[in-house]
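Colleague: Please walk me through this model one point at a time, and give the cut-off behind each term when it first comes up.

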Amino acid sequence: MKWCKKKILYGITFFVFLTVWLTCFLRVNKTYEVGAWESYRLGETYQVMGREVTWNSMCLMTREEAMEKFQMVSKQDWLSWTEGDTEYCVIGVSIKNLTDDTISPEFFHWTIQCDSYTNGATYLTTLVNKGIVDGIQPGESRDIWIFYNVDESLRETMLNNPVRIYVSVYPERIYLEDKLL
């Protein structure tokens with residue numbers, strides 16, 4: 001008889017906790033609803049988290065082309081990061097700080113997707129954009145380059161399909177989509 005009362009007490013306690021958790025869960029999701037996806041194309045500007053972002057360019061570059069264009073990165077860094085005939089999908093954006101505080105742009109959560117291929121940004125982003133770690137001052141605008149390694153076997157896929165860059169998934173849901181130039 002005593003074990004029966006314990007089971008009933010455990011059941012009631014579990015039900016109370018489940019009800020409280022479910023109520024809080026539903027309240028949070030109702031308060032902070034996630035909106036529909038917003039899509040932007042090359043040349044378009046959007047605002048997110050106190051930043052005005054303009055998507056300026058997107059192209060494929062071989063390692064040699066990137067080494068020539070972005071000479072601020074040492075040859076050793078290029079060579080140590082990649083092997084073989086690596087190509088990069090290079091994204092150019094301009095970011096303007098609309099806040100009253102210094103902001104530090106973070107691109108490592110920006111994910112590229114083309115067909116079934118997906119990859120995160122490389123560390124070369126920080127090397128090319130020297131001083132980005134110091135942040136962007138209020139009202140200041142900076143041009144920034146973001147690099148994604150593209151495996152040689154996926155080159156045709158990247159050229160023949162739209163490329164998406166997922167910028168934000170919460171609270172705003174934003175992605176950039178266009179074809180490579």
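**Strand S3 and its surroundings**

Colleague: In which strand is Val-53 placed?

Modeller: This is a predicted model, in which local features need pLDDT of at least 70 and side-chain atom pairs count only at pLDDT 80 or more, while totals for chains, interfaces and linings use all residues. Residues are numbered from 1 along each chain as its sequence is written, and side-chain values use heavy atoms, with hydrogens and water left out. Helices (H or I, at least four residues) and strands (E, at least two) are DSSP runs numbered from the N terminus. On that basis, the run covering residues 51-62, which holds Val-53, is strand S3.

Colleague: Is Val-53 buried or exposed?

Modeller: Buried means under 20% relative accessible area and exposed means over 50%, with partly exposed in between (1.4 Å probe, protein chains only). Because its relative accessibility is 2%, Val-53 counts as buried.

Colleague: Which residues does Val-53 contact, leaving aside its neighbours within four places in sequence?

Modeller: A contact means heavy atoms within 4.5 Å. Leaving aside those neighbours, the partners of Val-53 are Glu-44, Thr-45, Tyr-46, Val-93, Ser-94, Ile-95 and Trp-110.

Colleague: Arg-51 is in strand S3 as well, and at what relative accessibility does Arg-51 count as buried?

Modeller: Not counting residues up to four places away in sequence, Arg-51 touches Tyr-46, Ile-95, Lys-96, Leu-98, Ile-103 and Ser-104. Arg-51 counts as buried because its relative accessibility is 17%.

**Cores and aromatic rings**

Colleague: Which elements give two or more residues to the largest nonpolar core?

Modeller: A nonpolar core is a set of buried Ala, Val, Leu, Ile, Met, Phe, Trp, Tyr and Cys residues joined through side-chain atoms within 4.5 Å. The largest one has 29 residues, of which Tyr-46, Cys-89, Ile-91, Val-93, Trp-110 and Ile-165 touch the most other members. The elements that give two or more residues to this core are S2 (45-48), S3, S4 (87-97), S5 (111-114), S7 (141-150), S8 (163-168) and S9 (174-178).

Colleague: How many residues are in the other core that lies apart from it?

Modeller: Its members include Met-61, Ala-66, Trp-78 and Tyr-88. The number of residues in this separate core is twelve.

Colleague: How far apart in sequence are the parts that the pair of Phe-70 and Phe-147 ties together?

Modeller: Rings of Phe, Tyr and Trp (its six-membered ring) pair if their centres lie within 6.5 Å, with planes under 30 degrees apart counted as stacked, over 60 as edge-to-face and the rest as tilted. The structure holds seven aromatic pairs, and Phe-70 with Phe-147 is an edge-to-face one, at 5.2 Å centre to centre and 80° between the planes. Phe-70 lies in the loop between helix H2 (63-69) and helix H3 (75-81) and Phe-147 in strand S7, so the parts tied together are separated in sequence by 77 residues.

Colleague: Which residues form one aromatic cluster with Phe-70 and Phe-147?

Modeller: Phe-70 is buried because its relative accessible area is 2%, and Phe-147 is buried because its value is 0%. The other members of their cluster are Tyr-88 and Trp-145.

**The whole protein**

Colleague: What share of the accessible surface belongs to carbon and sulfur atoms?

Modeller: Accessible areas come from the Shrake-Rupley method with a 1.4 Å probe, and for residues only the protein chains shown count as cover. The protein has five helices and nine strands, and buried residues make up 36% of its 181 residues. Of an accessible surface of about 11,300 Å², the share belonging to carbon and sulfur atoms is 56%.
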